[in-house]
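Trainee: I am new to this structure and should like a close look at a single part of it. Would you please take me through the way chain A meets its neighbouring chains?

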4 protein chains.
Amino acid sequence: MSADHSDRAAVKAALRAQHIETPSWAFGNSGTRFKVFAQEGVPRNAYEKIDDAATVHRFTGVAPSVAVHIPWDKVSDYADLARHAEDAGVRIGAVNPNVFQEDDYRLGSVCNPDPAVRRKAVDHLLECVDIMDVTGSRDLSVWLADGLNYPGQDSIADRQARLEEALTTVYERLGDDQRMLLEYKFFEPAFYATDVPDWGTSYAHCLELGPKAQVLVDTGHHAPGTNIEFIVAFLLRKGRLGGFHFNSRFYADDDLMVGAADPYQLFRIMVEIVLGGGLDPSSGVAFMLDQCHNIEPKIPALIRSVMNVQEATAKALLVDTDALASAQRAGDVLGANAVLVDAFSTDVRPLLAELREEMGLDPDPLEAYRRSGHAEKVRAERVGGNAAGWGA
Amino acid sequence: MSADHSDRAAVKAALRAQHIETPSWAFGNSGTRFKVFAQEGVPRNAYEKIDDAATVHRFTGVAPSVAVHIPWDKVSDYADLARHAEDAGVRIGAVNPNVFQEDDYRLGSVCNPDPAVRRKAVDHLLECVDIMDVTGSRDLSVWLADGLNYPGQDSIADRQARLEEALTTVYERLGDDQRMLLEYKFFEPAFYATDVPDWGTSYAHCLELGPKAQVLVDTGHHAPGTNIEFIVAFLLRKGRLGGFHFNSRFYADDDLMVGAADPYQLFRIMVEIVLGGGLDPSSGVAFMLDQCHNIEPKIPALIRSVMNVQEATAKALLVDTDALASAQRAGDVLGANAVLVDAFSTDVRPLLAELREEMGLDPDPLEAYRRSGHAEKVRAERVGGNAAGWGA
Amino acid sequence: MSADHSDRAAVKAALRAQHIETPSWAFGNSGTRFKVFAQEGVPRNAYEKIDDAATVHRFTGVAPSVAVHIPWDKVSDYADLARHAEDAGVRIGAVNPNVFQEDDYRLGSVCNPDPAVRRKAVDHLLECVDIMDVTGSRDLSVWLADGLNYPGQDSIADRQARLEEALTTVYERLGDDQRMLLEYKFFEPAFYATDVPDWGTSYAHCLELGPKAQVLVDTGHHAPGTNIEFIVAFLLRKGRLGGFHFNSRFYADDDLMVGAADPYQLFRIMVEIVLGGGLDPSSGVAFMLDQCHNIEPKIPALIRSVMNVQEATAKALLVDTDALASAQRAGDVLGANAVLVDAFSTDVRPLLAELREEMGLDPDPLEAYRRSGHAEKVRAERVGGNAAGWGA
Amino acid sequence: MSADHSDRAAVKAALRAQHIETPSWAFGNSGTRFKVFAQEGVPRNAYEKIDDAATVHRFTGVAPSVAVHIPWDKVSDYADLARHAEDAGVRIGAVNPNVFQEDDYRLGSVCNPDPAVRRKAVDHLLECVDIMDVTGSRDLSVWLADGLNYPGQDSIADRQARLEEALTTVYERLGDDQRMLLEYKFFEPAFYATDVPDWGTSYAHCLELGPKAQVLVDTGHHAPGTNIEFIVAFLLRKGRLGGFHFNSRFYADDDLMVGAADPYQLFRIMVEIVLGGGLDPSSGVAFMLDQCHNIEPKIPALIRSVMNVQEATAKALLVDTDALASAQRAGDVLGANAVLVDAFSTDVRPLLAELREEMGLDPDPLEAYRRSGHAEKVRAERVGGNAAGWGA
């Protein structure tokens, strides 16, 4: 496989246009049910999280927005927060409601058997749309922890009806340029059944809601063996792929750095994105990270993750699509597969280094970050206060 | 949990009304890719398979129809075959096309990159509808082995387009009282991707096709950890559950006797059926077996399987739905779960024995079959010829 | 299958002799990484947890010991705690060290690359043996959260060497009547690799350590599809099954009530226990619960769990072993399977009710607990202080 | 990461020394239980399979031996077959007994409840050692299809005893320079339980047998989520890694081309091999392919597979082990992981092309094979006769 000069320019243009959103919560402490290990220099509030997101953008050049999580990022003045982001060189991206961390939500939020709890949850979702109005966010990113731990605990069918009702209320509140991204998850924190377990459930609800409802694919939220790129191709074809929550996993929803567990899978996903037009900004596909850096330092982990998405995308862009289509048409199994493998085997780090230099960036973002002394600086500055985490 | 006299009568009435369809192919030899072990007394053609299905019905009283598989059950005169079934006390149920066992289908059938192969496959599907017209079958049971073994081998999106086109052609050929049941399968025989991998894909196609297209749930065709009863509840609620291919599995598509691997799962599925009205004949839910008896004798294995479905259904009918709903409304997790567990813990074998006696049957179908000497009889009669198997 | 009078007496004698240990931590609050839901009436220290264990024993009659977790159950005087237990009618069972909840353990405990951390972890393990000396506990129950999140993070082989060294040190400290139970776990909290991932690793270390080292099987710690009863049969045959941590799971380590997800699996495990002599107290097999009651009330959930183990054991004891062996020898697949299924289909609740009455207990422990007003009583008494949880 | 000139020479020397064994059966037709698609030019007997193996070696230079499968490769004179191999430029490698393809083996081979069947199976294993004596093969590669489809079907413990006895008999027959490689498999063709399901079972038996018994790791024979490189590291450290059956899988035992599903996993396995000394010929680790080319042409698929193993090995050899150890010691999670990722990201195809030229080979084996016209030649020659497959 070869990419001549003009190809190379096109590949770089596409990579320059791809934006990868960081999640505010990935800058705070996180952990497992067994332990949250504290790290030094962790931000203590939404403003500092945005600063960290801006740092990632400063070194990578392709992470110009940051998703927020309400109430973890609750502030008294969201317009001020948005201005702070702008001043720091980024903007506020998706708004993520949290309807799973109050005692009221023990048996669910919008699917709860208690109508008062459902109302409270819907009110919070609506409040998040209010925040979007202020921050100029396009996407309401809805993940529900709703589900059941035991068979019989509640009616699966009734919960679907409640879900439908709540989503409809929120959907109707959306502005013309706003979207609802409905995330699905196979398991956790509910163990027996989740109320939006798979893309089929999310897609079915989106179809009923309307065109502003789109499916959100979290790469860690599938049953073992699930072919994620099939889902991506299917949804793109139907115009219902809202975006990604990128991360990687070996077994469950590990939330490791994207590309860390199976870089070939990430590449295959990006191949479907490229083939299906998902890199075209008009497609509306949002590339967002959603990770937990439990034992590794957070900012470098996010820089690395942004780079991993870029490398997978670069390789996908290098696929010789003519050769691919031709081998596919001919039924040449080995030949068609080889086209993909060739692109994946290519070392795209030089190309990306070149791109970064063209963008006025250091070709090695991780090394540049290390040299910058930024980690030491925030460690010294951020003393006292409460380190941000999933609870705040 | 208790069922007073009138409840007991209602339970028995529901059990008497439930029909379980046997598959003609389960009477022939089957195996794994490693070996097909030959058994004695195995039928040698469609007529003898129907005789065996009639035997299962004679001892169980609730298996009055038999699914056929074309061309494994190809005969020159399907009207004659239907008459033979009627004479034996059963009727021909679903028609199952086979578009995976000719060399032409190496790269797929209706999704094949070669239009000539696609046309051949569609023609076979249409031929099966012709057969349905003659046999009076309601259901075209479509399982496609289409898929990919290697990434890049073919275009996932193009294959969806081809699938859509083929299904539309067949759908339009259906008569007013005929349905297309679209089965999905997670993997096998394709390993990297299947073209209808999950219920979401099947449901999406059914929605686009129209009301006569329904999803077929094979209990062995899911990723590990999949909550099948969720799918059942979802589809029933949307009026899109066409029916089941029942069997059980420990890891892959093992096609063991239904209920043999996880009887509690089968019970939970039947609970959703009962709660969602799926036992009502007007719901159109077809209860079909789809199993491979590789090492055990086939007729007794099918009798046992019919009994297993009955036992799971009986337990589901014994669920105290008032107590369940009340505990669910109250958020009583342990109480609601206990209602299900109580029903499952009940020994329903006496109830079923009673029902069978009321139906003029032996209360112990397996023992009655053994005593009947039928196995010895067919072993003696069916000498010579070619034992039926997946190839014929 | 039938059990005549003398059989019934033998079954009841075996059930009376079986002891099921409750875990102190299951009485405190627990949750997922997303949220710990607080419950009222939860114990605030080790003494109150023991009281709750004693309550479970009072209603079930077969839960006379309680496992402790250090430092969650740290007290200044363990002899006093043991006396408190005795006064309450129970005794202290296995001691569970905790080497995963301090910041030092971010990269592991006894496998940590830092020798100082390894020493600290080993010291804690040795301290737990000191506590065993005081409490008269037989079993040191070792579960290590050690592992890796990312490939390359540390040397798999070096970590095995460190593990070997630490276990040897602790093993040598054990008294003649003390044992080390080495638990394995497939994943979590480490995602890429755990240092004792499977029974093979645990067994290999136990073989090298000596006869006082035994494998501990947690029923939730396996890869999907793992046949747990095979492991049980293998270890029993080799005299290396130390005991169980019972719980149930649908997908990951859900820690639901034992028997709640797959009662047939629990039954099959108990069948191997019965067949392999594991109910004989001389076998040393410890039956311990290890669960998290995140959304359901804790004491009733533990009563239910004890009952679930009893029901599975009762069914296993009802297996007609002569008929089973005879069918197996004859190669009668359906017949042999039917012997198991018959026992499982039996409703053993009347038998257990009878046993409880003979033991001077209420035949319905859950209902008796409800009537006792105990939940309301502790809810009123346990106000103020800090509810126990995984951190304390 | 960079490799200076001397490193590069060492890497190439190691790659030149690594031998990859092809399996005779991969040249014949194979398929799934649904269909075996016939291919043209397929060998018709053991001699022609050896010719094909020699063809793979001719183009790759590192595949000098071919494993045989008895009776699929049964000939009247094995000395003659060995001479034929030698003349063709290869030698006969491991001997693979087949104790699963006769009707007698329906309920197992060496674990069968019937002693006559066990004896027959053991006799066949011994016969294979006789063949090894003649062919000069070092390894008896034992995979048993033994297992159970239904709970209760046979005694798990008794089967272990029978297994032990049979393996002991065969072990005692081995010559001083011969080994028994005991393969394990999670499932298939038995669905409920296999008699050697995991590495732990194989390892335990090997320990009891003696030093000539070693574990054989088939990369497709694990539960989902299993960390295979952990097993490799563990066994290498204990001197019990006999070798590999390489292939790849997405879900079950797909037997796809090695490296085709998850090249990063293959790399991680090879990293453990390099770190643990497994490339040193004295380690005795055998690198064997075990694949099924159901839809792709066989010889090119095997050439590609050999290349995939080489690429993974080359990348593993490029790991900067000093930097790795240093980052691991420092607890630098991201740094240590990055060392691995850097090596994996390297494009090693130029290095391998260079190596091939130094070995007098075409730098592009697949293209050279295509140009050679060999496929057309055998297609023309091999007309008539029965194409080889799993049955012959």
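**Chain A and its contacts**

Mentor: In this predicted model, a UniProt record, an unreviewed entry, places the feature "domain: Xylose isomerase-like TIM barrel" at residues 76-254 of chain A. That span is 40% helix and 18% strand, and its end C-alpha atoms lie 33 Å apart.

Let us turn to the contact with chain B. It takes 51 residues from chain A and 51 residues from chain B. Together the two chains bury about 3900 Å², of which 63% is on carbon and sulfur atoms. On the chain A side, A:F230, A:R237 and A:Q328 supply 16% of the buried area, more than any other three residues.

The polar side of this interface comprises six salt bridges and 16 residue pairs in polar contact. The elements of chain A that each supply at least two residues to the side touching chain B include α5 (156-173), β7 (193-194), α6 (199-209) and α7 (228-237). Among these elements are also α8 (263-275), α10 (321-329) and α11 (333-345). The largest share, eight residues, comes from α6(A). By residue class, the side of chain A that touches chain B divides into 25 nonpolar, 14 polar and twelve charged residues. One of the salt bridges joins the side chains of A:E208 and B:K238, at 2.7 Å from N to O.

The contact with chain D comes next. Here 28 residues of chain D meet 28 residues of chain A. About 2100 Å² is buried between the two chains, 61% of it on carbon and sulfur atoms. Within chain D, the residues that lose the most area to chain A are D:L334, D:S345 and D:R349, together 24% of what that side buries.

The rule finds two salt bridges across this interface, including one between the side chains of A:R349 and D:D342, at 3.2 Å from N to O. Two residue pairs are in polar contact. In chain D, α8 (263-275), α9 (298-317) and α11 (333-345) each supply at least two residues of the side that touches chain A, and α11(D) gives the largest share, eight residues. That side divides into 16 nonpolar, four polar and eight charged residues.

Finally, consider how the two copies are arranged. A turn of 180 degrees, with a shift of 0.0 Å along the axis, lays chain D on chain A with an RMSD of 0.0 Å. The two copies are thus related as by a two-fold rotation axis. D:D347 is the residue of chain D that comes closest to this axis, its C-alpha lying at 2.7 Å. Of the interface residues of chain D, 100% are also interface residues in chain A, so the copies meet through the same surface.

Note on methods:
Residues numbered from 1 in each chain as written. Chains lettered and ligands numbered in written order. Predicted model: local features only at pLDDT ≥ 70, side-chain atom pairs only at ≥ 80, totals over all residues. Heavy atoms only, no water. Least-squares fit on C-alpha atoms with pLDDT ≥ 70 in both. Contact = heavy atoms within 4.5 Å. UniProt positions renumbered as here; feature names shortened; annotations may be inferred. Helix = DSSP H or I, 4+ residues; strand = E, 2+ residues; numbered from the N terminus. Buried area = accessible area lost by both parts, 1.4 Å probe. Salt bridge = Lys/Arg side-chain N within 4 Å of Asp/Glu carboxyl O. Polar contact = N/O pair within 3.5 Å; in protein donor to acceptor, adjacent residues only side chain to side chain. Nonpolar A, V, L, I, M, F, W, Y, C, P; charged D, E, K, R; others polar.
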